[in-house]
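Me: I'd like a close look at one part of this model, please: the salt bridges and the residues that take part in them. Could you walk me through them and then add whatever else helps me find my way around?

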Amino acid sequence: MEFYDLSVKPRNPDEAISIIKLAARMGIKGVAIEHTVFDGDMNRVKDEASKLGVKVFFRYTVAASTRREARKGIDSAPRNAIVVVEARSLEVLRYAAVNKRVDVIRPGPGMEVHATDKSQARLFRERGWGFVEVSLRPLAEGEIREGSWRRVHLTIRRGFGNGVNLILVSDASAPEELWSPRSMVGIAVAAGIPEQAALSMVYNNPYRAVARRYGRP
């Protein structure tokens, strides 16, 4: 079973390599690094990752509040990157769900309910695919913000209940912020999700998102 973390955010190549080293020990076989996070030597990062048996992918996040902003950002996305739309409005959320260039949707603040509702699930089904990512970063912060656990759990439960395919990500910018696959699964199980469905959130669903962009990893 190959686990993936499709959002890590190192600020330089050394941080990237440190994260990848720990990811390898945790059994994570693939990580996606934000395309514009740093301008470092990605060849060195990919070489080190390859030695450890970890695949490195690129992601390109488009944060948008209007359909026009979303379309402009999507059109600028590199062809070799997983395209993620951070939807900051309902308009963008629905637009991203039907745009064939979009691989993953990230709900902006306050959009979690709409991103995991039955309308979003229906749009994904009509398009043929669709994934919503849930960041566990708030749960790894030194002082967990009030309501973080409840918000994450509700998002996971609602998405699962409405048939929205979820992907759990760490958003780790340092090794200590990385979540092990089993811990990610545990978060979902604690939210009331069956274990097999929870496993899909860190295994099958991210694999399918990567395969859409790169072919079989």
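Reply: Happy to! Let's begin on the surface and work towards the salt bridges, keeping in mind that this is a predicted model. Arg67 has a relative accessibility of 42%, so it counts as partly exposed. You will find Arg67 in helix 3, which covers residues 67-75. Together with Arg68, Arg71 and Lys72, Arg67 makes up a patch of positive charge on the surface. Members of such a patch have no salt bridge, so Arg67 is a handy contrast to the charged residues that come next.

Now to the pairs you asked about. The structure holds 16 salt bridges. One of them joins Lys9 and Asp171, whose closest N and O atoms are 3.9 Å apart. Here the cut-off matters: a side-chain nitrogen of Lys or Arg has to be within 4 Å of a carboxyl oxygen of Asp or Glu, so at 3.9 Å the pair of Lys9 and Asp171 is counted. Lys9 sits in the loop between strand 1 (3-8) and helix 1 (13-26), while Asp171 sits in the loop between strand 7 and helix 9, so this salt bridge ties together parts that are 162 residues apart in sequence.

The two partners have their own surroundings. Lys9 is partly exposed, because its relative accessibility is 31%. Asp171 has a relative accessibility of 4%, so it counts as buried. Lys9 and Asp171 also belong to a network of salt bridges that includes Glu34, Arg59, Arg106 and Glu133.

Asp171 deserves a second glance for its backbone. Its phi is near 60°, a positive value in a residue other than glycine. Most residues other than glycine have a negative phi. When you look for this backbone feature, go to the loop between strand 7 and helix 9.

Another salt bridge brings Asp14 and Arg44 together, with 3.2 Å from N to O. This pair also links distant parts of the chain: Asp14 belongs to helix 1 and Arg44 to helix 2 (residues 42-51), with their positions 30 residues apart. Asp14 has a relative accessible area of 47%, so it is partly exposed. Arg44, with 33%, is partly exposed as well.

A further pair is Arg88 and Glu86, whose side chains meet in a salt bridge of 3.0 Å, N to O. Arg88 is partly exposed, because its relative accessible area is 44%. Glu86 comes to 16%, so it is buried.

Let's go back to the loop that holds Asp171, between strand 7 and helix 9. Ser180 is found in this loop too, with strand 7 spanning 166-169 and helix 9 spanning 181-190. Ser180 is buried, because its relative accessible area is 19% and the limit for buried is under 20%. The side chain of Ser180 makes a polar contact of 2.8 Å with the side chain of Ser183.

On the other side of strand 7 there is a loop that leads from helix 8 (148-162), and Gly163 is found there. Gly163 has a relative accessible area of 47%, so it is partly exposed. If you want a sense of scale, the C-alpha atoms of Gly163 and Ser76 are separated by 30 Å, and the two residues are 87 apart along the chain.

Note on methods: Residues numbered from 1 in each chain as written. Predicted model: local features only at pLDDT ≥ 70, side-chain atom pairs only at ≥ 80, totals over all residues. Heavy atoms only, no water. Patch = residues over 30% accessible without salt bridge, like charges linked within 9 Å, V, L, I, M, F, W, Y side chains within 5 Å. Areas by Shrake-Rupley, 256 points an atom, 1.4 Å probe, with all protein chains shown as cover. Lys, Arg positive; Asp, Glu negative; His and termini not counted. Charge placed at Lys NZ, Arg CZ, Asp CG, Glu CD. Helix = DSSP H or I, 4+ residues; strand = E, 2+ residues; numbered from the N terminus. Buried < 20%, exposed > 50% of the residue type's maximum accessible area, 1.4 Å probe, protein only. Polar contact = N/O pair within 3.5 Å; in protein donor to acceptor, adjacent residues only side chain to side chain.
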